[in-house]
Amino acid sequence: MKIGLKGINRATVAATAVLTAGAVLTGGAFASTAQAATPPTPTITAKGGFVMDNGTARALYSKTADTRRSTGSTTKIMTAKVVLGQKNLNLDAKVTIQKAYSDYIVSKTASSARLIVGDKVTVRQLLYGLMLPSGCDAAYALADKFGTGTTRAARVKSFIGKMNADAKTLGLKNTHFDSFDGISSGSNYSTPRDLTKIASGAMKNSTFRAIVKTKSTKQKVTTKSGGYRYMSWSNTNTLLGSYTGALGVKTGSGPTAKYCLVFAATRNGRTVIGTVLTSTSSTTRTADAKKLLDYGFKK
């Protein structure tokens, strides 16, 4: 009997050990599952938002992502995309700044790259002036340069037509442009999802990526008299330098648009890109973007 009891005791001990080990393993599995659980969905101030994985196009966050809204100067992403998509583009070609461009920004009280009439500025420099200080004068110059027609009005109309054609090619059904800079006459709109797709497409261009990631630049331009001057531009996107891995992309604002931001960042080889539209201030749009980026990287 003693031998039997010892056998039973040993078997019992062995079984108990197995059960205990199983419990520990199971507990570890539950712990891992808890750690891998989806992070809580963030609350943002903006009325609309969308975030996706730029590599896979997988949607990571959505808030009224397909509601059409005014976009402000985030429109200029498409302006730059159309310019950079031109065949045989010469980024060093010079454009002479016209009085019409400066008159325009005065009449619209628009954001400016402070371009000076008579100066000869390269296409590349105009793109910096477009995307960093959000120059509507630079946008006008680019539309005039890359539109087709015998009059400035015709060329601008043609350029805006190219913007809409590009949106159509991308399959965007909730986007329409009536301006080259976001100063709308009533029918300039997009959605968080559509703007994110536009930006994702633009980010495939190395020149675009380099420009929107630049915090500030000093550019040497040729004056009317043949001399030169330096233009200094700073980026309105405060994500740069305040969020690890930030890549850009573009701010926007306006009476109807309120405060907008198209944003992108890379961490551990993964890029997350998104948009917030109709936030309440420049501070809240940046805070919204940071929340959504943090969330996107965890998903």
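Phenylalanine 159 sits in helix α6. Helices here are DSSP runs of H or I with at least four residues, strands are DSSP runs of E with at least two, and both are numbered from the N terminus. At 0% relative accessibility, phenylalanine 159 counts as buried. Buried means under 20% relative accessible area, exposed means over 50%, and partly exposed lies in between, with a 1.4 Å probe and protein chains only.

The model is predicted: local features need pLDDT of at least 70, side-chain atom pairs count only at pLDDT 80 or more, and totals for chains, interfaces and linings use all residues. Residues are numbered from 1 along each chain as its sequence is written, and side-chain values use heavy atoms, with hydrogens and water left out.

**Around phenylalanine 159**

Which residues does phenylalanine 159 touch, not counting residues up to four places away in sequence? They are Thr79, Val82, Val83, Leu142, Ala143, Phe146, Gly147 and Phe180. Contact means heavy atoms within 4.5 Å. Phenylalanine 146 is 13 residues from phenylalanine 159 in sequence, and their C-alpha atoms are 6.5 Å apart in space.

**Two packed helices**

Two packed helices are described by the angle between their axes and the distance between the axes. The axes of α5 and helix α6 (residues 152-169) come within 7 Å. They cross at roughly 95°. Therefore α5 is roughly perpendicular to α6. Axes are lines fitted to C-alpha atoms, for helices over the stretch in contact, and angles run from 0 to 180 degrees between N-to-C directions. Angles of 65 to 115 degrees count as roughly perpendicular, under 35 as roughly parallel, over 145 as roughly antiparallel, and the rest as oblique.

On the α5 side, the contact is made by Tyr140, Leu142, Ala143, Asp144 and Phe146. On the α6 side, Arg152, Arg155, Val156, Phe159 and Lys162 take part. These residues of the α5 and α6 contact divide into six nonpolar, no polar and four charged. Ala, Val, Leu, Ile, Met, Phe, Trp, Tyr, Cys and Pro count as nonpolar, Asp, Glu, Lys and Arg as charged, and the others, Gly among them, as polar.

**The cores**

A nonpolar core is a set of buried Ala, Val, Leu, Ile, Met, Phe, Trp, Tyr and Cys residues joined through side-chain atoms within 4.5 Å. The largest one has 62 residues. Ile77, Val123, Leu126, Leu127, Met131, Phe208 and Val249 touch the most other members. Helix α5 (residues 136-146) gives the largest share of this core, eight residues. A second, separate core of 19 residues includes Ala46, Leu60, Leu239 and Phe297.

Valine 123 touches Val83, Leu89, Asn90, Leu91, Ala93, Val95, Leu142 and Phe146, leaving out residues up to four places away in sequence.

**Helix α7**

Helix α7 (residues 192-202) is largely enclosed by the rest of the structure, because eight of its eleven residues are buried. The buried residues are Pro192, Asp194, Leu195, Thr196, Ile198, Ala199, Ser200 and Ala202. They pack against β1 (48-53), α2 (76-84), α8 (206-212), β7 (246-254), β8 (258-267) and β9 (270-279).

**Loop residues**

Four loop residues are set out below.

| Residue | Loop | Relative accessible area |
|---|---|---|
| Threonine 71 | between β2 (59-63) and α2 | 2%, buried |
| Asparagine 88 | between α2 and β3 (94-96) | 81%, exposed |
| Arginine 114 | between α3 (99-108) and β4 (120-122) | 47%, partly exposed |
| Glycine 135 | between α4 (123-131) and α5 | 0%, buried |

Asparagine 88 is not a glycine, yet has a positive phi of about 55°. Arginine 114, also not a glycine, has a positive phi of about 60°.

Beyond four places in sequence, threonine 71 is in contact with Asn188, Tyr189, Ser190, Leu195, Gly252, Ala257 and Cys260. With the same exclusion, glycine 135 touches Lys76, Ser111, Ser112, Ala113, Gly129 and Leu130. Glycine 135 and tryptophan 233 are 98 residues apart along the chain, with their C-alpha atoms separated by 9.7 Å.

**The whole chain**

The chain holds nine helices and nine strands. Of its 299 residues, 48% count as buried. Of the contacts with a separation of 6 or more, 62% join residues 24 or more positions apart.

The mean pLDDT is 91, and 88% of the residues reach 70 or more. Over residues 1-8 the pLDDT is below 50, and this stretch has zero contacts beyond near neighbours in sequence. Residues 10-34 also stay under 50, with zero contacts beyond four places in sequence. The pLDDT is the predictor's confidence in each residue, from 0 to 100. Where pLDDT is low, the predicted coordinates should not be read in detail.
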